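Q: Please give a close account of one helix in this predicted model. Please then connect that account to the aromatic contacts, the cysteines and the strands.

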Amino acid sequence: MNLHFLSTVTEAKARVRDLAALGVTGVRVLRKTGLLETIPPAAALRFIARMAGNTNPFRMLELHALAHPERPAIVSGPVRLTYGELSSRINRLARGLAALGVGRRDRVGVLLHNGHQHIELTSALGQLGAVSVQIGYRLKAKEVAYVLGNSGAKALVFHAAHAATIEEALAEGGGPPRSACLAVDGPTPEGGGEPPRAPAFPAYEELIARQRDQRAPWRIGRSSGGMMIYTSGTTGRAKGASRDFAEMGLLPVVSFIDHLPLGPDERHLVTCPLYHSAAPAFAALAMFAGGCLYILEHFEPSDVLATIERERITSAMMVPTMYRRLVALGADEFRRHDLSSLRWLMSGAAPLPTELAGRIEELFGPVLYNFYGATETGFVTVAGPGQHTARPGTIGRVVGGVEVRLLDERGHDVPPGEIGELYVKSPMMVAGYHGNAEATRAAQRDGFFSVGDIGRRDADGYYYLADRKHDMVISGGVNIYPWEIEQRLHHHPAVDDVAVVGVPDPEWGESLVAFVVLRPGRSATALELQRFVTDELADFKRPRRVVFLDTLPRNPTGKVLKRELRERLQSDAAPTP
């Protein structure tokens with residue numbers, strides 16, 4: 001029988017199965033979030049008529065603008081917007097961008113601090129069928145120039161504080177014309193003074209103000225747009241992961257929501273950078289339910305606790321580094337704040353040490369969730385409250401609509417309990433890396449995608465990360481996973497933060513070096529920490545060297561930049577001229 005025919009039949013059956021699951025889970029989620037009770041039928045029909053086929057993650061806010069225009073949507077510094085006001089700004093922004101020549105499939109660079117403009121742009125570009133290219137505001141001019149050139153950005157929206165960087169990046173060539181570069185004026189700096197402005201560029205707010213205030217979306221139909229996020233570049237030059245919203249399936253998203261106590265009264269705190277993938281994903285989930293976003297421009301631990309109490313925050317997504325800074329405030333500081341409004345806290349974007357999960361649960365209560373996903377794959381697994389500490393290190397079970405395979409070096413599936421490279425197949429997967437067919441091919445196998453994570457699965461279907469593929473160390477012919485050693489060292493009472501890397505060794509091929517940050521007022525010796533490791537782990541997992549640092553280098557999402565640690569060792573070992 002024709003193998004292609006069999007493959008087509010199998011795919012068709014899988015799609016029917018997924019649609020059935022989406023229907024059942026979707027109805028449950030609509031009831032759970034209160035949407036069935038709070039959305040008037042007339043508003044729902046008008047929304048469906050306007051938005052049929054549009055899967056931009058923020059287009060649900062148009063439904064809430066139709067049903068409850070006075071409901072709070074965003075609090076961003078001094079700016080407070082209702083759903084009606086937000087929808088009006090989005091529609092006028094879409095018209096303004098169209099006047100600048102932005103259309104379907106065009107790419108628009110976005111270099112902004114956290115603020116309401118991120119949400120406005122994502123939705124406005126979705127109306128035009130355009131793609132937002134997220135650019136980290138910590139990047140230098142040459143890095144910004146690379147992203148603009150590599151993505152082929154036709155326009156750019158940037159924070160005025162970075163005008164000098166943009167000027168330098170545009171001078172490199174390959175970017176959009178100056179007339180299509182919109183500057184967003186910044187808030188008044190701490191300590192007073194004039195807010196940053198970029199008068200040499202067109203102003204974002206003036207573009208919006210010039211457009212007619214029409215409530216109807218600029219464009220309807222299947223112009224969902226997309227998003228391109230450049231990977232953090234922990235191992236080399238960043239790659240543009242491109243996602244087309246029109247091609248994105250909903251089952252993993254709906255299944256993920258089904259795990260959360262999400263409600264129409266959601267007050268979601270945004271602390272992570274909105275130019276990455278996790279923060280806007282969870283912001284979209286909150287707005288799906290008709291909740292309000294409270295966006296912090298910068299993360300300050302004491303400000304987070306104060307905001308939770310003052311605004312009666314119900315949920316937040318943070319990376320482990322942020323949680324570590326929060327718990328470092330101590331139990332006395334937590335007791336000074338009423339945090340009883342919290343229903344769920346999400347951890348992700350970087351591995352969550354079990355000892356940290358336990359401290360979070362002690363201080364916040366049983367509200368901690370932990371998820372695994374990636375810019376390239378979307379949501380993959382989720383673990384609920386208590387599961388991470390009951391099953392140390394788990395990232396949970398796979399969400400609906402997603403398939404996961406753990407493969408050995410020959411591409412064979414490994415049995416439960418054994419380590420393998422984690423490959424994901426999901427309707428949320430990116431199409432590939434923009435302009436980089438070689439990197440795309442290297443990441444794919446039989447329709448599954450890998451970002452280089454290594455893990456295992458237990459007999460009950462719970463997954464655990466072991467490490468990153470490129471971080472695995474081979475010493476004396478034995479595979480060693482630094483994450484296991486880091487987990488052990490995190491349990492030492494004097495250790496606040498730790499990263500373990502492999503370095504070249506003339507005898508063993510590679511040997512282990514542990515970079516350790518001690519807790520304030522605590523002390524430990526290298527020998528003490530080495531013995532602490534071998535108390536529970538095999539002797540070959542003992543770090544040959546321990547280096548004490550004040551802080552570990554991390555990217556904005558909390559991932560340790562192990563490349564920089566290895567480079568530091570190389571520079572220390574280099575002969576002095």
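A: Helix H6 covers residues 116-128, 13 residues in total. Its first and last C-alpha atoms are 19 Å apart, close to the 18 Å expected at 1.5 Å a residue. The helix is largely enclosed by the rest of the structure, because 13 of its 13 residues are buried. Directly after H6 comes Gly129, with a positive phi near 75°.

The aromatic contacts come next. In the predicted model, 12 aromatic pairs are found. One of them joins Tyr137 and Tyr275: the ring centres are 5.7 Å apart and the planes stand at 85°, so the pair is edge-to-face. This contact links distant parts of the chain, 138 residues apart. Tyr137 belongs to the loop between strand E4 (131-134) and helix H7 (141-151), while Tyr275 belongs to the loop between strand E9 (267-270) and helix H11 (278-288). Both Tyr137 and Tyr275 are buried.

A further pair is formed by Phe256 and Phe379, with ring centres 4.0 Å apart. Their planes meet at 10°, so this pair is stacked. Here too, distant parts of the chain are linked: Phe256 lies in helix H10 (residues 251-258) and Phe379 in strand E14 (residues 378-383), 123 residues apart. Phe256 is buried, with a relative accessible area of 0%, and Phe379 is buried with a value of 5%. These two residues also belong to a cluster, in which ring pairs link Phe256, Phe282, Trp344, Phe371 and Phe379.

Arginine side chains also lie over aromatic faces. Arg405 is placed over the face of Phe448, at 5.6 Å from the ring centre. Arg488 lies over the face of Phe532, and there the distance to the ring centre is 3.6 Å.

As for the cysteines, a search of the whole structure returns 0 disulfides. Cys272 is buried, with a relative accessible area of 5%. Cys292 is likewise buried, at 4%.

Another cysteine appears in strand E6 (residues 181-184), both faces of which are covered. On one side are Cys181 and Ala183, on the other Leu182 and Val184, and all of these are buried. In a regular strand, side chains alternate between the two faces of the sheet. Strand E5 (residues 155-159) pairs with E6 in the parallel sense, over 4 bridges. Within E6, Cys181 is the bridge partner of Leu156.

A separate topic is the open sheet of 3 strands with the order E25-E26-E27 and mixed pairing. Strand E25 (495-505) and strand E27 (545-548) stand at its edges. Each of these has a single partner strand, so one side of each is left without a neighbour in the sheet. From one strand to the next, the twist averages 25°. E25 and strand E26 (residues 509-518) pair in the antiparallel sense over 10 bridges. Gly502 stands opposite Leu512, which is in E26.

To return to the part requested, H6 is a helix of 13 residues, largely enclosed by the rest of the structure, and followed by Gly129 with its positive phi.

Notes: Residues numbered from 1 in each chain as written. Predicted model: local features only at pLDDT ≥ 70, side-chain atom pairs only at ≥ 80, totals over all residues. Heavy atoms only, no water. Helix = DSSP H or I, 4+ residues; strand = E, 2+ residues; numbered from the N terminus. Expected span 1.5 Å × (residues − 1). Buried < 20%, exposed > 50% of the residue type's maximum accessible area, 1.4 Å probe, protein only. Disulfide = S-S within 2.5 Å. Phe/Tyr/Trp six-rings, centres within 6.5 Å; stacked < 30°, edge-to-face > 60°. Lys NZ or Arg CZ within 6 Å of the ring centre and 35° of its normal. Pairing = 2+ DSSP bridges. Axes fitted to C-alpha atoms, helices over the stretch in contact; angles between N-to-C directions.
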